[in-house]
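Open the model in your viewer and keep the selection panel at hand. The tour begins at the end of one helix and works outward.

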Amino acid sequence: MGESDHIVAEAAEKILADLADPQTVNSAKDDSWKAKLWSALEENGLTLPWVAENRGGSGASLAEGFEVLTAAGKFALAVPLAETMLAGWLLSQADIASPVGAMSVAPTHPKDKIALNLDGTLSGRARNVPFAREAQHFALLAQGPKGTSIALVKASNCRRDEDVNLAGEPLDSLILDKVSPDKIAPAPKGFDQTALMLMGGVVRSLQIAGALQTMLDRTVTYANERTAFERKISRFQAVQHNLARLAGEVAAATAAAGSAADTLSGAPAFDDDATYLEATAAKIRCAEAAGTGSAIAHQVHGAIGFTEEHVLHRFTLRALGWRDDFGNESYWAVELGNRISARGADDLWPLVASR
Amino acid sequence: MSSALTFDPIRLPETCQILRREARAFLAEEIAKGTFDPNNPRRAEESAHAKEFAKRVAAKGWIGMTWPKKYGGRERSFLERYVLTEEFRVANAPTRIYFTADRQSGPTIIRYGTETIKQDILPRIVKGEISFCIGMSEPGSGSDLFAAKTKATKVDGGYLINGTKIWTSNAHQSDYMIGLFRTSAPTKENRRHGLTNFVVDMKTKGITCNQIRQMSGQREFNEVVFQDAFIGDDYVLGEIDGAWKQATTELAYERSGPERFLETYYVLTELVRALGPKPDTRAAEGVGRLVAQLHTMRRMSVSVAGMLEAGKEPVVESSIVKDIGTLWEQDLPSKVRTLSAFIEQDPGNQPPLAKRLAYATKVAPKLTIQGGTTEVLRGIIARGLGLR
């Protein structure tokens, strides 16, 4: 990665620092900050980086988009940026142009299926679609008699069962009852629901890693400022060791997510064992880091970090919630374990060493 | 703003993959010859053929491979060395006899030794002719390195050493030691002042090695007693009384390699073998998690090797890799035991997994103690985060 590769991420971070500061957002009396933020993101081509310019996007690279996602995690971003990016990416696989505005993507659960009916409509139920009620469109993966298709549908044509995730963000179930898509096209050969789940998993891994980085920074700052027993709590070995453990989890998440993003940036086949290992390992390890890391961050902060007014929960609850999107870590661990076992013991090391 | 921990996704270049294939071919040959048994880690590390093996490894140019050519090295990259280290470790090759010299003693001598010492010692390490041990811990001091008391008294032409080092791995079969001895009392301003590193010829009169058995059945530990053992001035490494300045770099080299999380790896391979191609969900999940963790640690470790190659000193990052790695390899036997609990055992001889698990379980306690305890590592990380 060269120096110039970070321009997109730097632009994103500047906008987020100006318009999505977590403390400001946390204290906001209403949602008016969302529109301002979204406009800025859209104007700067950050909502559709993985969509070609002649299809409505800004034509950035996969690597650049991945960096934006880490930034989104660092700021605990509470608007559907990741979801819109992912939707744009999905539509682009079938060369479908992306509309303006917020989008989300479905299915987000490995076992959910949206069916393409013979009459060309779509039916099915997709659980846990992030920000569904804030989206204008959905990018969908559907299964029909002739194989897999990718579709663009209007959000207003879909019914919703509303719910929220751990962070209180919309996480609605979509119910499609013979919905006519705006656009539909076959998915490229070899592109299936696993590909969407793995890509979504890497997106969430990067967000988790970003959130953990902020958790570490804020927790170190807090420990260096807070006094107890006539000294800063950062002087206590128990606190230092907890923070060392948190740093370890941040490091692991950063490395795993970064490695997976780097792998996918080379546009390999999702079904390739090496790609599979990278993407699933990132989701598994980042989910584990989210659990361990969030607990440590809260422990060091004490009671104040448990309040709604304090920003810490914005990071910890998002990181914990993101574990469940696009297949939780238990699901992927079973899938990866099965794949490893099928290859056999003597192939385990060669696979790991190939990365 | 940020504590800025970087773990760039370094990829091993093609030269490394070529080297990897060479290494695998070499190891296969050695196994076929009966030099060591890859399926028996305990026996393998004590192979009677270790010395000859070292010479053949040296003949390939694989000892001291990153060192300057003028001392016999090949000036190859840390990433290439990384590949060799992990392949040899996974094969359970008997590298113990040259590993310390290759990994840390040689680099220390390159950095701090006199030209005479460098010319005398480095080529012999590179040829696989000599081995090193590390004399730091004493009965009264381990983690507290700078509380060492073994004295180096100045005499004409050198120093007389008196005192005892302990837990000195492989001292009984080492030609040299890098020894940390007290040349002056600590000062009020700096409690770490007063210790000096020396190259010690283990054949010197006045040095006695007493082997100490370990609960694992390994026989690495020694008590090394010094009674008026003479070391010449030429054998001082770096600044007299200033060993504390040297610690950091050496530790970055030492802390983050693949040997820090692969020491019990063989139980994972055996678990996958014993589970067969269709494990139940519980076992599959366990294997998946372990492989995800292993892959992540390896990516972190390669990243640190990349930083070392680029001339950086990633002290915090390498301490993190060792902290996570040693805890993982220590816990691996226990996790594998849990996951193998319902495997149908063949009646008769104790199956390979059970044997490997027993050995790994007995080795496990030392893994978070050797080369820097978890508690010390976490202190280093904390300092790096700006907490001290």
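This is a predicted model. Select B:Gly276. Its phi is positive, about 80 degrees, and it sits just after helix 8 of chain B.

Step back and select helix 8 itself, residues 266-275 of chain B. Is this helix mostly covered or mostly open? It is mostly covered, with 8 of its 10 residues buried. Color the buried ones: B:Tyr266, B:Val267, B:Leu268, B:Glu270, B:Leu271, B:Val272, B:Ala274 and B:Leu275.

Now show what covers them. From chain B, the cover includes helix 2 (41-45), helix 9 (281-309), helix 10 (315-339) and helix 11 (352-363). Chain A takes part too: its helix 10 (329-343) and helix 11 (348-353) are among the covering elements.

Follow those two helices to the interface. Here 45 residues of chain A are in contact with 45 residues of chain B. On the chain A side, select helix 6 (193-225), helix 7 (237-265), helix 8 (273-301), helix 10 and helix 11; each gives two or more residues. Helix 7 of chain A gives the largest share, 15 residues. By class, this side has 25 nonpolar, 15 polar and 5 charged residues.

Finish with the whole of chain B. Count 12 helices and 8 strands. Of its 388 residues, 51% are buried. The C-alpha trace spans about 70 × 55 × 40 Å along its principal axes. The radius of gyration of chain B is 21 Å, which agrees with the value near 21 Å for a compact globule of 388 residues. Among contacts between residues at least 6 apart in sequence, 74% join residues at least 24 apart.

Conventions. Residues numbered from 1 in each chain as written. Chains lettered and ligands numbered in written order. Predicted model: local features only at pLDDT ≥ 70, side-chain atom pairs only at ≥ 80, totals over all residues. Buried ≥ 20, exposed ≤ 12 C-beta atoms within 10 Å, placed from the backbone. Helix = DSSP H or I, 4+ residues; strand = E, 2+ residues; numbered from the N terminus. Contact = placed C-beta atoms within 7 Å. Rg over C-alpha atoms; globule rule 2.2 N^0.38 Å. Nonpolar A, V, L, I, M, F, W, Y, C, P; charged D, E, K, R; others polar.
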